[in-house]
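This report looks at side-chain pairing, strand arrangement, cysteines and surface in one structure. Please read it alongside the sequence and the coordinates.

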Amino acid sequence: MDILSADYFKREHEKPKLPERLQIPERSQAGGITGEKPKAKALPAETEKPESVDKPEEPVKSEAAADKSSDTSTEDKEPELKEVERIIVKKDPKEKPDNDNDGGGEPQEEQDKPVAVSDELKKKLADSQNLWKRDDVPHTGWICVGVTDLGEPAAVCEMCGYQIIRYVHHMVHPNYRPLDVGCICAGKMEGDIEAAKRRENELKQKQARRGNFMKRPWKKSKNGNEYMKFKEHVIVLYQHKGGIGWSYSLDQVFCRTLFKTREEAIAAAYEALEKALGN
């Protein structure tokens with residue numbers, strides 16, 4: 001019978017040692033493995049930025065293309081005045097240039113024509129006095145305030161009392177009532193016969209220009225409006241919707257006055273044209 005030594009029993013109660021590669025690490029009370037360093041949290045991987053690609057240079061727009069793009073951007077906007085139409089009239093080399101009288105030249109002096117004296121004129125002649133012979137009527141110091149065309153010889157000069165007149169010079173004096181007289185008497189009353197003739201001649205020139213203007217033909221625009229070019233100025237006629245009246249524009253400046261007839265609008269447009277021409 002073998003006798004077991006005390007060392008045998010001591011070795012029996014010891015835990016067997018495992019090889020180092022098979023050893024199980026001990027866990028701490030917190031649940032972690034003792035002797036092991038805590039692993040750092042993995043940072044999210046950075047997304048790689050795509051390499052910058054050079055953008056192709058934009059082609060430089062020409063001035064014509066820039067103007068075209070600006071025009072298209074403004075087409076959608078409503079103009080302040082929808083009625084005003086912009087009309088560009090190209091100069092025709094064959095067209096004769098307009099002068100101040102529109103081809104009329106200097107107005108010719110009216111030839112002495114026999115005047116049909118109506119009964120009304122006969123009565124005026126019979127009742128008229130020759131104020132040149134009166135001492136209580138001032139013969140000088142008069143001022144002309146305007147000239148009127150009666151359209152035909154239809155009045156008697158209130159100063160001499162015998163001249164039948166068509167162009168009436170309206171004379172005023174601080175010491176006498178106003179008088180409607182003829183050209184020669186007006187010149188004597190104001191002390192300048194040439195000034196009276198020049199004043200009457202200017203009225204005749206204006207009437208000649210007006211008459212020729214009224215005879216000029218009107219053209220149709222793409223919007224259906226009538227227009228006319230005179231020298232460097234353009235007049236456009238507008239008929240309002242519903243036929244409520246007429247208006248006009250001169251060089252794209254709209255006249256806000258409403259005229260009942262086309263003729264009234266043309267007459268007003270002519271007066272505006274005269275001012276633009278400095279007449």
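## Salt bridges

Arg134 counts as partly exposed because its relative accessibility is 28%, where buried means under 20% relative accessible area, exposed over 50% and partly exposed in between, with a 1.4 Å probe and protein chains only. Arg134 forms a salt bridge with Asp136, and the closest N and O atoms of this pair are 2.7 Å apart; a salt bridge is taken here as a side-chain nitrogen of Lys or Arg within 4 Å of a carboxyl oxygen of Asp or Glu. The structure holds 11 salt bridges. This is a predicted model, in which local features need pLDDT of at least 70 and side-chain atom pairs count only at pLDDT 80 or more, whereas totals for chains, interfaces and linings use all residues. Residues are numbered from 1 along each chain as its sequence is written, and side-chain values use heavy atoms, with hydrogens and water left out.

Arg166 forms a salt bridge with Asp149, with 2.7 Å between the closest N and O atoms. This pair links distant parts of the chain, since Arg166 lies in the loop between β3 (164–165) and β4 while Asp149 belongs to strand β1 (residues 143–149), 17 residues apart. Helices (H or I, at least four residues) and strands (E, at least two) are DSSP runs, numbered from the N terminus. Arg166 is partly exposed at 24% relative accessibility, and Asp149 is likewise partly exposed, with a relative accessible area of 21%.

Lys206 forms a salt bridge with Glu271, the closest N and O atoms being 3.3 Å apart. Lys206 lies in helix α5 (residues 193–215) and Glu271 in helix α6 (residues 262–277), so this salt bridge ties together parts that are 65 residues apart in sequence. Lys206 counts as partly exposed at 31% relative accessibility, and Glu271 is partly exposed with a relative accessible area of 31%. Arg210 also takes part, as Lys206, Arg210 and Glu271 are linked in a network of salt bridges.

## Strand β7 and its partners

Strand β7 (residues 226–230) is mostly covered, with five of its five residues buried. Glu226, Met228 and Phe230 point one way from β7, Tyr227 and Lys229 point the other way, and all are buried.

On one side of the sequence, strand β6 (residues 219–220) pairs with β7 in the antiparallel sense over two bridges, two strands being paired if DSSP finds at least two bridges between them. Lys220 stands opposite Glu226 in this pairing, and the hairpin formed by β6 and β7 has five residues between its strands, with Gly224 in the turn showing a positive phi of about 85°. Strand β8 (residues 233–239) pairs with β7 as well, in the antiparallel sense and over five bridges. Here Lys229 stands opposite Val234 in β8. The hairpin of β7 and β8 has two residues between the strands, and Lys231 in its turn has a positive phi of about 55°.

## Cysteines

A disulfide is a covalent bond between the sulfur atoms of two cysteines. With the cut-off set at a pair of cysteine sulfur atoms within 2.5 Å, the count comes to zero disulfides. The sulfur of Cys144 is too far for a bond because its closest cysteine sulfur, in Cys183, is 9.5 Å away. Cys144 counts as buried at 16% relative accessibility, and Cys183 is also buried, with a relative accessible area of 14%.

## Surface and overall organisation

Ile143, Val145 and Val172 form a nonpolar patch on the surface, with about 260 Å² of accessible area together. Patches are made of residues with over 30% relative accessible area and no salt bridge, like charges being joined within 9 Å and nonpolar side chains (Val, Leu, Ile, Met, Phe, Trp, Tyr) within 5 Å. Within this patch, Val172 is found in strand β4 (residues 167–173) and counts as partly exposed at 30% relative accessibility.

The protein chain contains six helices and 10 strands, and buried residues make up 26% of its 279 residues. About 22,300 Å² of the protein chain is exposed, of which carbon and sulfur atoms supply 51%; accessible areas come from the Shrake-Rupley method with a 1.4 Å probe, and for residues only the protein chains shown count as cover. Among contacts (heavy atoms within 4.5 Å) between residues at least 6 apart in sequence, 49% join residues at least 24 apart.
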